[in-house]
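Colleague: I should like to understand the terms that are applied to this model. May I put some questions to you while we look at the structure?

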Amino acid sequence: MPYCHYFGQPVFVSSSSVYNIHAANSPQCHQRPILSTIKAFQVRRTRNLRQMSTMENPTNIVWHKSPVEKLDRQHLLQQKGCAIWITGLSGSGKSTVACALSQGLHMRGKLTYILDGDNVRHGLNRDLSFKAEDRAENIRRIAEVAKLFADAGIICIASLISPYRKDRDVCRALFPEGDFIEVFMDVPLHVCENRDPKGLYKLARAGKIKGFTGVDDPYEPPLNCEIVLQQKGRDCAPPGEMAETVISYLEEKGYLQA
């Protein structure tokens with residue numbers, strides 16, 4: 001049976017599903033699967049990778065200790081690594097505050113990185129849907145990346161809806177005590193829906209988006225978060241002012257010095 005190497009792995013196909021091409025155009029094989037065969041293999045490969053990511057830790061791996069540790073990196077950067085987890089409804093201002101916070105800390109000479117929920121789905125989490133189990137995996141992966149940034153001594157700002165308490169609690173458990181700072185954008189649903197910067201609420205109300213948080217899927221507000229950024233009525237503090245609230249917390253807790 002003919003085969004072609006795809007991503008370094010042999011793909012076996014029947015003679016009825018291939019066509020001949022010149023060897024000069026394909027150094028690895030003389031016959032190529034049709035597009036449907038390639039697509040089917042991609043789907044299987046993605047499924048296998050997802051299964052691998054959720055497997056229990058094997059017993060034959062050992063953590064390799066580095067001579068340069070978190071305290072060394074923090075001393076070099078003159079700051080303490082942590083994760084600032086901004087959660088709230090779509091349209092509550094999470095990304096706007098994250099950017100204002102990053103800018104404010106940058107102006108103070110502090111190193112940050114933003115993990116935006118939408119941005120991460122363009123790459124690392126592009127294989128995940130918005131079903132409950134995939135949303136949980138999306139959050140888990142972002143938390144693991146945030147943990148690496150924090151270990152590097154960087155102030156990591158994660159900005160994503162993360163609607164379920166249990167998922168956020170799992171994230172918190174990954175970090176040392178105090179290094180996971182949950183920030184709740186406490187903005188009423190009707191305010192977020194009136195803003196609707198991406199037009200998603202309109203699509204959800206029209207039934208064109210299923211499982212949209214706040215419409216036909218719940219958002220569970222934090223019960224014991226570190227910071228609440230609240231909008232009361234029509235009064236909404238500027239993003240820079242909200243960012244300063246978070247920066248004041250970081251200063252008070254000693255994260256802006258080593």
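Modeller: Certainly. Please keep in mind that this is a predicted model. Let us begin with strand 8, residues 180–186, which pairs with strand 9 in the parallel sense.

Colleague: What makes strand 8 and strand 9 a pair?

Modeller: Two strands pair if at least two bridges are found between them. Strand 8 and strand 9 share four bridges, so they satisfy that definition. Within this pairing, Val 183 stands opposite Ile 227 of strand 9.

Colleague: Which strands does strand 5 pair with, and over how many bridges?

Modeller: Five bridges join strand 5 to strand 7, residues 155–159, and the two run parallel. Strand 5 also pairs with strand 8 in the parallel sense, over five bridges. Ala 83 has Cys 156 in strand 7 as its bridge partner, while Ile 84 has Ile 181 in strand 8.

Colleague: What is the order of the strands in the open sheet?

Modeller: The five strands follow the order 6-7-5-8-9, with parallel pairing. Strand 6 (112–116) and strand 9 (227–230) are at the edges because each has a single partner strand, which leaves one side of each without a neighbour in the sheet. From one strand to the next, the twist averages 20°.

Colleague: Why is strand 5 described as largely enclosed?

Modeller: A residue is buried when its relative accessible area is under 20%. Six of the six residues of strand 5 are buried, and the strand is therefore largely enclosed by the rest of the structure. Cys 82, Ile 84 and Ile 86 lie on one side, with Ala 83, Trp 85 and Thr 87 on the other.

Colleague: Which helices lie against these strands?

Modeller: Helix 6 (residues 165–173) lies across strand 5 and strand 8, at about 150° to strand 8. Helix 9 (residues 239–252) touches strand 5, strand 8 and strand 9, and its direction makes about 165° with that of strand 9.

Colleague: How do you know that Lys 94 has no salt bridge?

Modeller: A salt bridge requires a side-chain nitrogen of Lys or Arg within 4 Å of a carboxyl oxygen of Asp or Glu. For the buried Lys 94, the nearest side chain of opposite charge is that of Asp 116, 7.8 Å away, so the requirement is not met.

Colleague: What does the side chain of Lys 94 reach instead?

Modeller: The side chain of Lys 94, a residue of helix 3, reaches the backbone oxygen of Leu 89 at 2.8 Å. This counts as a polar contact because the limit is 3.5 Å. Lys 94 also touches other residues, including Ile 86, Thr 87 and Met 185.

Key. Residues are numbered from 1 along each chain as its sequence is written. This is a predicted model: local features need pLDDT of at least 70, side-chain atom pairs count only at pLDDT 80 or more; totals for chains, interfaces and linings use all residues. Side-chain values use heavy atoms; hydrogens and water are left out. Axes are lines fitted to C-alpha atoms, for helices over the stretch in contact, and angles run from 0 to 180 degrees between N-to-C directions. Contact means heavy atoms within 4.5 Å. Buried means under 20% relative accessible area, exposed over 50%, partly exposed in between (1.4 Å probe, protein chains only). Lys and Arg count as positive and Asp and Glu as negative; His and the chain ends are not counted. A polar contact is a pair of N or O atoms within 3.5 Å; within protein, one must be able to donate a hydrogen and the other to accept it, and residues adjacent in sequence count only if both atoms are side-chain atoms. Lists of a residue's contacts leave out its neighbours within four places in sequence.
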